Amino acid sequence: MGHEIFMQRCLELAQMAKGNTAPNPMVGAVLVHNERTIGEGWHHYYGADHAEVNCLKNVAEADKHLIPESTMYVNLEPCAHYGITPPCAVRLVGEKVKKVIVANIDPFEKVSGMGLEILTQGEVAIKTGVLEQEGLWVNRRFFCFHRQKRPYIILKWAQTNNGFIAPSDKSRLQITCNDSRKLVHKWRTEEAAIMVGTTTALNDNPQLTARLHEGKQPLRIVLDRKLRLPHTHHVFDNSAATWIINERQEMLNGNIHSVQLTFDDTLLTQLMNRLYAAKILSVIVEGGAVLLNSFIRMGLWDEARIFTGDVFLHDGISAPHLENEDPAFTTDKGSDSLQVFVNKNCAYHYIKGMEL
């Protein structure tokens, strides 16, 4: 059996914790002896044991004597620093694991290359780069955060079959079907933050929470330059942590944080810097058209997920448009079509058949 088969299993295990590990990465581990898997594990949630530790814990008592003769497959370099948990690289040396095979080197400066150095010094054989591109895709949020020093940015909108995002009067219109709405709520649990502009917040009064899928709630981010939003709107209900981006005040009141920024051409860059400082790995931008177009115009996006519903409008607000971009893939959700785009300038390319 090839290394790729066991590494693919690591990636499958890693994604079982999607949405629960940030600001840590998603990691899976498989321990193999003579091409037989004797242990598996993954990092379940932030602060819990890492994948390698769980993998070793899950080795049956009858197989524990095989650990020094076995190979550990793990999709990210074992950690080398003391954080909430001890370093996994030290644990693997202590267990006398024979070999460690890795997909990706950790981009985090406290780990990058140091975990492999500990293994080498401990006389553990290493091999890197197995399913490297697949590993980058799975942990694209983590890699973007540490390499680009900003969150991974996902744009999402729904448009009618003739290219409108909303009616001309900006009234609320349900464009997508129930299947699509459930999927969007699942996506919300997988991202660290969700963002909308002032007009969307005013007119739609969105809750910006995941209600149709079980999981954690994202940080809600709303642009409100002049603090015009009524405090009776859902974003002030304290049901989830919320940032109100404005130019007038910096204040924390319960779950509501008024974040003061300068509203000029650097606004989105300022916001990304604040999110980076707060260790927010990803943000999904759900509207409206002005905000989405601002991200597109700056080239400040990594992924776009666009639903086209079976709805027709005679007139309305035009949906954003991605110039010179081809979809990574297209699929159907109920009566809707979903296109997923990955920015050509993004370092993390979609691998056919992999999960979002």
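**Entry 1: overall fold**

I counted the secondary structure elements of the protein first and found 10 helices and 17 strands. I then looked up the radius of gyration, which is 22 Å; the globule rule gives 21 Å for 356 residues, so the protein is as compact as a globular protein of that length. I note that this is a predicted model. The C-alpha trace spans about 70 × 45 × 35 Å along the principal axes.

**Entry 2: burial, contacts and surface**

I looked up burial next: 54% of the 356 residues are buried. For contacts with a separation of 6 or more, I find that 68% join residues 24 or more positions apart. The protein exposes about 16200 Å², and I record that carbon and sulfur atoms supply 48% of this area.

**Entry 3: charges**

I counted 37 positive and 40 negative side chains. The centres of these two sets lie 4 Å apart. My search of the whole structure for salt bridges returned 17.

**Entry 4: Arg-141 and Glu-191**

How far apart are the closest N and O atoms of Arg-141 and Glu-191? I find 2.8 Å, and the two residues form a salt bridge. Arg-141 belongs to helix H6 (residues 140–148), whereas Glu-191 sits in the loop between helix H7 (178–190) and strand E8 (193–196), so this pair ties together parts that are 50 residues apart in sequence. I checked whether each partner is buried or exposed. Arg-141 has a relative accessible area of 9% and is buried. Glu-191 is buried as well, at 1%. Both values fall under the 20% cut-off for burial.

**Entry 5: helix H6**

I stayed with H6 to see how it is covered. Of its 9 residues, 7 are buried, and the helix is mostly covered. I list the buried ones as Arg-140, Arg-141, Phe-142, Phe-143, Cys-144, Phe-145 and His-146. After H6 comes Lys-149, and I note that its phi is positive, near 60°.

**Entry 6: Arg-274 and Glu-250**

I looked up a further salt bridge, in which the side chains of Arg-274 and Glu-250 meet at 2.9 Å, N to O. Which parts of the chain does this pair tie together? Arg-274 lies in helix H9 (residues 267–277) and Glu-250 in the loop between strand E10 (242–246) and strand E11 (251–253), so the parts joined are 24 residues apart in sequence. I find Arg-274 partly exposed, with a relative accessible area of 28%. Glu-250 is also partly exposed, with 39%.

**Entry 7: Glu-95 and Arg-91**

I recorded a salt bridge between the side chains of Glu-95 and Arg-91, at 3.0 Å from N to O. Glu-95 counts as partly exposed, at 26% relative accessibility. For Arg-91 I find a relative accessible area of 34%, which means partly exposed.

**Entry 8: a salt-bridge network**

Which residues are linked with Arg-9 in a network of salt bridges? I find Glu-12 and Glu-40.

**Entry 9: helix H10**

I closed with helix H10 (residues 289–298), where I find Ala-289, Leu-291, Leu-292, Ser-294, Phe-295 and Ile-296 buried. Just after H10, Gly-299 takes a positive phi of about 70°. I set this beside my entry on H6, which is followed by Lys-149 with a positive phi near 60°.

How values were computed:
Residues are numbered from 1 along each chain as its sequence is written. This is a predicted model: local features need pLDDT of at least 70, side-chain atom pairs count only at pLDDT 80 or more; totals for chains, interfaces and linings use all residues. Side-chain values use heavy atoms; hydrogens and water are left out. Helices (H or I, at least four residues) and strands (E, at least two) are DSSP runs, numbered from the N terminus. The radius of gyration is taken over C-alpha atoms; the globule rule is 2.2 Å times the number of residues to the power 0.38. Buried means under 20% relative accessible area, exposed over 50%, partly exposed in between (1.4 Å probe, protein chains only). Contact means heavy atoms within 4.5 Å. Accessible areas come from the Shrake-Rupley method with a 1.4 Å probe; for residues, only the protein chains shown count as cover. Lys and Arg count as positive and Asp and Glu as negative; His and the chain ends are not counted. The place of a charge is taken as NZ of Lys, CZ of Arg, CG of Asp or CD of Glu. A salt bridge is a side-chain nitrogen of Lys or Arg within 4 Å of a carboxyl oxygen of Asp or Glu.
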